[in-house]
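Colleague: Could you give me a close look at one part of this model and then work outwards from there? Keep it informal, but tell me what each term means.

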Amino acid sequence: MEAVFRALADPTRRRLLDELFAADGQPLGQLARRFDMSRVAVAKHLALLEAAGLVVARRRGREKLHYLNPVPIRQVYDRWVSKYTGTWAGGLVDLKHDLEAQMEKVFEIYIRTTPERLWQAIVDPQVRARYQFGIRVEGEIAPGSAFRMVHSGAPGPLGEGVNLEVDAPRRLVQSMHALWNEDVEREGTSRVTWEIEAIGDSCRLTVTHDQLADGANSQLYGGWPMILSGLKTWLETGEELTTPGSLMYGGAQ
């Protein structure tokens, strides 16, 4: 959290985050044009934001695209704000942005665990319910197999999809069609990719939610910071993290 606070202390870096919030997935040149400083200076600010985990960079051909990663900000909120201001203050994080075609959201978090334990926490329905608002993801984990998202308090499935790639304990790619209300159901099918990389005694987990329609409903991706924070808490402490999402949709596991 200290690195996050240091990164946010600079007004230029806060403005860079605002620019990525407004239009995610921008290259350095596009960002630098909005600042009265050199590309090198902007690149240094971006490097500090990457080091703090607030920005995730991905290569796309010859370009290096930068994405806002709201997970650390969600963790700061959970640690320093929510317990003082009330559990309903946060709501869902709205990460809406406007790209030319489809939207892509990238989330990154570091968890002190092994790849095997992290993989098991992602694919085990009972464990998944502990940090995903009581929702179980049921179905065989095999390429081409179908799964359903269910909750004991819901009259029917909350979502469905297909396991497109299964490479335990490194990579899981799934299609997802949300069904919890008519608005998200109309959005159609998107894709979620879980990538696990061992870093010393910890793991870097990157979740990419893409193939989202331009201007997609933020309900589809706004819960990821809470889900990933809950996953980290569960694996590192064995306890469940209280979030607005878990209070609204949690309960019976």
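Modeller: Let's start with the second largest cavity, which is lined by I122, V123, R128, V137, I141, L172 and Q174. This is a predicted model, so to speak of local features I need pLDDT of at least 70, and of side-chain atom pairs 80 or more, while totals for chains, interfaces and linings use all residues. Numbering runs from 1 along each chain as its sequence is written, and side-chain values use heavy atoms, with hydrogens and water left out.

The space in this cavity comes to about 30 Å³ (the volume filled by probe spheres set on grid points, joined across faces, edges and corners). A cavity is a set of points on a 1 Å grid over the protein atoms alone where a 1.4 Å probe fits but cannot get out; a pocket is an open set with protein on both sides within 12 Å along at least five of seven lines; lining residues have an atom within 4 Å of a point. By this rule there are 2 cavities of 30 Å³ or more. The lining here splits into 5 nonpolar residues, 1 polar and 1 charged (Ala, Val, Leu, Ile, Met, Phe, Trp, Tyr, Cys and Pro are nonpolar, Asp, Glu, Lys and Arg charged, the others, Gly among them, polar). Both α7 and β8 supply at least two of these residues (DSSP runs numbered from the N terminus: helices H or I of at least four residues, strands E of at least two).

Strand β8 belongs to an open, antiparallel sheet of 7 strands, ordered β4-β10-β9-β8-β7-β6-β5 (strands pair if DSSP finds at least two bridges between them). At the edges, pairing on one side only, are β4 (103-111) and β5 (136-138). From one strand to the next, the twist averages 25°. Helix α7 (115-123) packs on this sheet, touching β4, β7, β8, β9 and β10, and its direction makes about 160° with that of β9. Contact means heavy atoms within 4.5 Å, and angles run from 0 to 180 degrees between N-to-C directions of lines fitted to C-alpha atoms, for helices over the stretch in contact.

At the β4 edge, 8 bridges join β4 to antiparallel β10 (202-212), with Y110 partnered by R204 of β10. Helix α10 (224-237) lies across β4, β9 and β10, at about 20° to β4. In the loop between β4 and α7 sits R112. R112 is exposed, because its relative accessible area is 51% (exposed is over 50%, buried under 20%, partly exposed in between, with a 1.4 Å probe and protein chains only). Beyond its neighbours within four places in sequence, R112 contacts D201, S202 and E236.

Strand β8 turns up again in the largest pocket, where it gives the largest share of the lining, 3 residues. That pocket holds about 500 Å³; 26 residues line it, with F133, I135, M149, W180 and Q219 closest to the centre. Its lining divides into 18 nonpolar, 7 polar and 1 charged.

Y110 leads to the second largest pocket, about 370 Å³: Y110 is among the lining residues nearest the centre, along with V4, A52, P72 and Q75. Two or more lining residues come from each of α1, α4, α5 and β4, with α5 giving the largest share, 4 residues.
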